[in-house]
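Ready for a few warm-up exercises on rings and a ligand? Have a look at the model first, then try each task before you read its solution.

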Amino acid sequence: MTEVQLQEFKLDPDSELRFEVESKNEKVVLEVKSGYAELFGTELVKGKPYEFHTGAKVAVFTWHGCTVELRGRTEVSYVAKETPMVVYLNVHAALEQQRVAAEQEGTRGPVTMVVGPGDVGKSTLTRLLLNYAVRMGRRPIFVDLDVGQGHISIPGTIGATLVERPASIEEGFSQQAPLVYHFGHKAPGENLELYNTIVTRLAEVVTERCENNKKASTSGVIINTCGWIKGAGYKVLTHAAQAFEVDVILVLDNERLFIELKRDMPKFVKVVYLPKSGGVVERSSTQRAEARDARIREYFYGKRTPYYPHSFDVKFSDLKIYKVGAPSLPDSCLPLGMRAQEALTRVVAALPSLSLAHRVLAVSFAAAPDDDVLHTNLAGFVCVTAVDMERQILTILSPQPRPLPNTVLLLSELQYMDNH
Ligand code: ADP
């Protein structure tokens, strides 16, 4: 039997314990022994064990001082006294002032967008600001435009969800009834036209929801974005800013982006530069791919609370599989009157083939391909675990038992190997 390592840390006020769980199948248990601590804005309960698994990169922060115990093997563990938490708390306080004003004047609360290159803590700051808002009794809307990781749903999608309670330490924000749109790729650059189309759509629906929910409206919106900030990536960001009519842009750790946005945004948009935390860990492309895979696995099998997905066969003839984006052709080869951009948002039938194996399919609420599929949100996802060309059958992994809903299935470039 391997020995369980026990480490105890005494944290001074305004400091944080950072640790990573790296080795495969490793588990680290965290417990606050005394004092008060929080994890990315969620309060930790004293004496309650919290589990972290392979790939976790964590910071336990304390405003007042505490003692923390770690059980299990950590790759790194150290206490840092230098953190940007006071700066982040000030941002929260400024947003809170705007919410109070919105409440008094019956206007909309602040719409904030977090931008910056990859691995600077955008998702973490988004989570922190949402947690602080909800702990003040607010009900903010969380929007995630990061198709690379997919914090609300799975990678290859964008989405929004109303935040009604702080993120669970182990499972993140509650996944109840999020609003999700299909993109189908890991990076916006794979189909800019489609990306901008669904961002515009999501913004419209979020605005509509705010109009019908006063509390959400005064609480505002916090938008997480992709780490692609140069060239076309910059245009994607400014398009999102416009679509959501943002009031505040928080720029993490990139002066050039800050200067560009200050120059290009209308004057009423506050562009604020923020330092990144020294604790944010850069991830290799393998780690990103593993994180994507883990998100999809979580969708089907759950994280802390286990889910039990169903596996069943479906005849090719019973499936309506489509993909968005016809193959790119020069304008001269397209049907008369169609532009190349239009082809990128066309919904085209995908014939079942062996290449469907391990692909994720998004289950649309749209019943037919001409039912405005791009503007319709998703009911969920299934994954193709096997293709039998001879019997003309696909084997499907699905959170719901058979039959599959009789709606459009949208092919995603994302793959998931089900070896659970
Ligand atoms: P981005 O969204 O900019 O790509 P993330 O917010 O996902 O960056 O952060 C990258 C990684 O760093 C995540 O695994 C996150 O848990 C970790 N992380 C963030 N802040 C800290 C911190 N202060 N200490 C330790 N790890 C951190």
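Before we start, here's how residues get sorted: Asp, Glu, Lys and Arg count as charged, Ala, Val, Leu, Ile, Met, Phe, Trp, Tyr, Cys and Pro count as nonpolar, and the others, Gly among them, are polar. Keep in mind that this is a predicted model.

**Exercise 1. Sort the shell around the ligand by class, and say which elements supply it.**

Step 1. Start with the head count: 17 residues surround the ligand, and the closest are Glu16, Lys57, Lys122, Ser123 and Thr124.

Step 2. Now apply the classes: the shell has six charged, six nonpolar and five polar residues.

Step 3. Then look for the elements. At least two shell residues come from each of strand 2 (15-20), strand 7 (57-62) and helix 2 (122-135).

**Exercise 2. Find polar contacts of the ligand, and work out how much of its accessible area the protein covers.**

Step 1. Look for N or O pairs within 3.5 Å. The side chain of Thr124 has an N or O atom 2.5 Å from an oxygen atom of the ligand.

Step 2. Check the backbone too. Asp119 has a backbone N or O atom 3.1 Å from a ligand oxygen atom, and Gly279 has one 3.2 Å from a nitrogen atom of the ligand.

Step 3. Finish with the cover: on its own the ligand has 560 Å² of accessible area, and the protein covers 90% of that.

**Exercise 3. Classify the pair of Tyr299 and Phe300: stacked or edge-to-face?**

Step 1. A search of the whole structure turns up eight aromatic pairs. For Tyr299 and Phe300, the ring centres are 5.0 Å apart and the planes meet at 85°.

Step 2. Planes over 60 degrees apart count as edge-to-face, so that's what this pair is, at 85°.

Step 3. How covered are the two? Tyr299 is partly exposed, at 23% relative accessible area, while Phe300 is buried, at 2%.

**Exercise 4. Follow Phe300 to its stacked partner, and see where that partner sits in the chain.**

Step 1. Phe300 also pairs with Tyr416: 6.1 Å between centres and 20° between planes, which makes the pair stacked.

Step 2. Now trace the chain. Phe300 is in helix 7 (residues 285-301) and Tyr416 is in the segment after strand 23 (409-415), so the pair links distant parts, 116 residues apart.

Step 3. Tyr416 is buried as well, with 1% relative accessible area.

Step 4. Put it together: ring pairs join Tyr299, Phe300, Phe381 and Tyr416 into a cluster.

Terms used. Residues numbered from 1 in each chain as written. Predicted model: local features only at pLDDT ≥ 70, side-chain atom pairs only at ≥ 80, totals over all residues. Heavy atoms only, no water. Phe/Tyr/Trp six-rings, centres within 6.5 Å; stacked < 30°, edge-to-face > 60°. Buried < 20%, exposed > 50% of the residue type's maximum accessible area, 1.4 Å probe, protein only. Helix = DSSP H or I, 4+ residues; strand = E, 2+ residues; numbered from the N terminus. Near = heavy atom within 4 Å. Polar contact = N/O pair within 3.5 Å; in protein donor to acceptor, adjacent residues only side chain to side chain. Areas by Shrake-Rupley, 256 points an atom, 1.4 Å probe, with all protein chains shown as cover.
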